[in-house]
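Dear colleague,

Please find below the structure that I agreed to hand over. My notes on it follow directly after.

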Amino acid sequence: MIDQAFTILMGGPLAATDRLLGRLKETRVIAADGGMRHAAGLGLTPELWVGDFDSTPASLIAEWPEVHREPYPPAKNETDGEIAVEAALSRGARSLIFAGALGGERSDHAFMHLIYAVRLAETGLAIHLTSGEEEATPLLPGTLELNLPKGSLFSILGLNTLDGLSIDGARYPLFGFHLPFGSSRTISNVAEGPVRFTLSSGRAIVLARPYDHTGA
């Protein structure tokens with residue numbers, strides 16, 4: 001159901017590409033602290049705005065008086081993004097898009113977003129992270145299909161050893177491959193169109209650049 005898809009606006013870089021705008025269409029929106037700065041450019045009005053607001057200027061708050069805000073103290077055990085996710089789950093979310101969750105000045109935050117995404121995916125949620133120009137999707141045991149434009153770059157980052165990894169629909173396919181932890185074998189592949197991934201065991205992230213055709 002459409003009302004089960006939520007977008008979480010995060011504070012990282014975000015480009016309003018056609019692909020991003022199409023993905024966010026008809027999702028419900030929750031802003032996490034400074035992620036609210038992306039709302040106007042995306043044409044979105046969040047139903048909720050949460051966080052400690054340490055990265056939100058007063059001028060931005062003044063621009064959105066109609067959006068309900070839930071402030072939290074800076075000394076808390078969860079990130080603003082986690083608080084936003086909890087709010088989405090309490091509203092019935094089964095699919096989450098983290099917009100503005102990749103890149104930026106804080107590598108620790110960007111890496112934590114990837115790990116957190118995998119943890120959420122393991123609970124059965126559909127998870128997608130995006131900066132508009134780059135996308136990340138958890139890869140767990142089973143099958144994953146990504147609709148990537150022909151010629152776009154993608155990589156698989158194994159978070160541990162991967163077994164039974166197959167890639168179909170790419171320039172460099174794999175079939176039942178064993179990928180040791182730390183191996184760079186699955187970096188910089190090229191999509192030939194929609195790509196299908198199959199994994200027997202392990203955890204990974206697929207990072208894709210739909211607008212980057214430098215490998216074509």
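In which segment is Pro 210 found? This predicted model places Pro 210 in the segment after β13. With a relative accessibility of 3%, below the 20% limit, Pro 210 counts as buried. Leaving aside neighbours within four places in sequence, Pro 210 is in contact with Arg 19, Glu 133, Glu 135, Pro 149 and Ser 152. Pro 210 and Leu 148 are separated by 62 residues in sequence, yet their C-alpha atoms are 6.1 Å apart in space.

The interior may be described next. The largest nonpolar core has 30 residues, and those that touch the most other members are Ile 8, Ile 30, Leu 96, Phe 98, Leu 120, Ile 127 and Leu 129. At least two residues of this core come from each of β1 (5-9), β2 (28-32), β3 (48-51), α4 (80-90), β5 (95-99), α5, β6 (126-130) and β13 (204-209). Helix α5 gives the largest share, six residues. A second, separate core of 20 residues includes Leu 144, Ile 167, Phe 197 and Ala 204.

Ile 127 deserves its own remark. Not counting residues up to four places away in sequence, Ile 127 touches Leu 96, Phe 98, Ala 117, Leu 120, Ala 121, Thr 137 and Pro 138.

On the surface, Phe 111, Met 112, Ile 115 and Leu 159 form a nonpolar patch, together having about 340 Å² of accessible area. Phe 111 lies in helix α5 (residues 107-121). Because its relative accessibility is 47%, Phe 111 counts as partly exposed.

With kind regards

Technical notes: Residues are numbered from 1 along each chain as its sequence is written. This is a predicted model: local features need pLDDT of at least 70, side-chain atom pairs count only at pLDDT 80 or more; totals for chains, interfaces and linings use all residues. Side-chain values use heavy atoms; hydrogens and water are left out. Patches are made of residues with over 30% relative accessible area and no salt bridge: like charges are joined within 9 Å, nonpolar side chains (Val, Leu, Ile, Met, Phe, Trp, Tyr) within 5 Å. Accessible areas come from the Shrake-Rupley method with a 1.4 Å probe; for residues, only the protein chains shown count as cover. A salt bridge is a side-chain nitrogen of Lys or Arg within 4 Å of a carboxyl oxygen of Asp or Glu. Helices (H or I, at least four residues) and strands (E, at least two) are DSSP runs, numbered from the N terminus. Buried means under 20% relative accessible area, exposed over 50%, partly exposed in between (1.4 Å probe, protein chains only). A nonpolar core is a set of buried Ala, Val, Leu, Ile, Met, Phe, Trp, Tyr and Cys residues joined through side-chain atoms within 4.5 Å. Contact means heavy atoms within 4.5 Å.
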